[in-house]
Amino acid sequence: MNSRTHIAHHDKKQQVQGLVYALVGTALFSIKPIFIKIAYQYGGDATAIMSLRALSSLPFYLIVLCLLCRDGQKRSLVRQHGWQAALIGILGYYVASFLDIAALAYISAQLERLLIFLFPSFVVLLSWLCLGQRPTRNVVHAVVLGYLGIVAILLHDVQSLGNEVWKGSGLAIASAFIFAIYLMLSKSIIGKMGSELFTSIGMGSAGVAILIQLAVSSASMSSWSFELVVLGVLLGIFCTVLPSYFVAAGMARLTATELSITSNIGPGVTAIMAVLVLSEAFTVYHFVGLCLVTLSVYWMKKPTK
């Protein structure tokens, strides 16, 4: 009995730790659009913001990768699956991230977060088209509900911000679609090599790709303001490195259902910070949109009985 009680206590402790890690990681990821919007105000563009984030985060991923590779089994996994992790990481953390950051030049942080948050709808679509997994009626209803929420916010933002909102929305939707592809491709590789090793290789490879883009572009680092550099460093450490490992730690301690529920706080955190820091409007349209999208994603991720 004492042994069972000890095991139950240990499992509960692991669950609580996992919830804390996942919630912290989600909250840090969710303030990323705020830093990016401010960076645009200080003269940044997508290439500059991505490069600064890479310059400040890449050393951490390389250090963690070197530490992990002290283990012979980890080195063997890198030799077997490292190139796959690198390519998938570039897709998810370079291509999708670049489109996401570019989108924020045209749309509000709240709309961007909700559009990105609907990536499970693309997972449903891709699973149907590529794997033959037909969505249930409830999932279809959830997808429709989510996009009704997006329409609610678009009705407000197009009137107040102009037609460029459509361009930004298209970029954000493309980012969400590519991120959905990344998630589907990464699942089996993470299962083979573990989340920490995959994250280090994937994020590190994306960082190298970003720096290559910087080298071949016409961007001048000397034109970056001090404020932009500071924002880029904060973005790299607090909205990239730390949350990626917090979420990975949460994944190791929680079930998929528990982890998915913690992600539902993301749009709310972004909305609060956007209003407080960026002075973005939060109207009845935003409230309805936020509620519909969050409920939609919850239904899509809810396991069927």
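On the surface of this predicted model, eight side chains come together as a nonpolar patch: Val151, Leu155, Val275, Phe282, Val284, Tyr285, Phe287 and Val288. Taken together, these residues have about 680 Å² of accessible area. Two elements give two or more residues to the patch, namely helix 7 (137–161) and helix 13 (284–301). Helix 13 contributes the most, with four residues. A good place to look is Tyr285, which lies in helix 13. Its relative accessibility is 37%, so Tyr285 counts as partly exposed, the class between 20% and 50%.

From the surface, let us move to the charged side chains. The structure holds three salt bridges, and Lys32, Asp100, Glu112 and Arg113 are linked by them in a network. Start with Lys32 and Asp100, whose side chains meet at 3.1 Å, counted from N to O. Lys32 sits in helix 2 (residues 32–41) and Asp100 in helix 4, so this bridge links parts of the chain that are 68 residues apart. Are these two partners buried or exposed? Lys32 has a relative accessible area of 11%, and because this is under 20%, Lys32 counts as buried. Asp100 has a relative accessible area of 3%, so Asp100 is buried as well.

Asp100 also meets the side chain of Arg113, this time at 4.0 Å from N to O. Here the link runs between helix 5 (residues 109–117), which holds Arg113, and helix 4, which holds Asp100; the two residues are 13 apart. Arg113 is buried, as is Asp100. Arg113 in turn meets the side chain of Glu112 in a salt bridge of 2.9 Å, N to O, and Glu112 is buried too. You can therefore follow the network from Lys32 to Asp100, on to Arg113 and then to Glu112.

Helix 4 deserves a walk along its length. This helix covers residues 72–103. At its N-terminal end, Asp71 acts as a cap: a side-chain oxygen of Asp71 lies 2.8 Å from the backbone nitrogen of Gln73. Further along, helix 4 has a kink of about 65°, centred on His81.

Next come the aromatic rings. The count comes to seven aromatic pairs. One of them joins Phe119 and Phe179: their ring centres are 5.2 Å apart and their planes stand at 85°, so the pair is edge-to-face. What does this pair tie together? Phe119 lies in helix 6 (residues 119–131) and Phe179 in helix 8 (residues 164–193), so the pair ties together parts that are 60 residues apart in sequence. The two rings fall on either side of the 20% cut-off for burial. Phe119 is buried, with a relative accessible area of 17%, whereas Phe179 is partly exposed, at 23%. Both belong to a cluster linked by ring pairs, together with Tyr93, Tyr182 and Phe198.

A last stop is Glu196, found in helix 9 (residues 195–216). With 42% relative accessibility, Glu196 counts as partly exposed. How far is its C-alpha atom from that of Ala109? The two C-alpha atoms are separated by 29 Å, and the residues are 87 apart along the chain.

Key. Residues are numbered from 1 along each chain as its sequence is written. This is a predicted model: local features need pLDDT of at least 70, side-chain atom pairs count only at pLDDT 80 or more; totals for chains, interfaces and linings use all residues. Side-chain values use heavy atoms; hydrogens and water are left out. Rings of Phe, Tyr and Trp (its six-membered ring) pair if their centres lie within 6.5 Å; planes under 30 degrees apart count as stacked, over 60 as edge-to-face and the rest as tilted. Buried means under 20% relative accessible area, exposed over 50%, partly exposed in between (1.4 Å probe, protein chains only). The bend at a residue is the angle between axes fitted to the seven residues ending there and the seven starting there. A polar contact is a pair of N or O atoms within 3.5 Å; within protein, one must be able to donate a hydrogen and the other to accept it, and residues adjacent in sequence count only if both atoms are side-chain atoms. Patches are made of residues with over 30% relative accessible area and no salt bridge: like charges are joined within 9 Å, nonpolar side chains (Val, Leu, Ile, Met, Phe, Trp, Tyr) within 5 Å. Accessible areas come from the Shrake-Rupley method with a 1.4 Å probe; for residues, only the protein chains shown count as cover.
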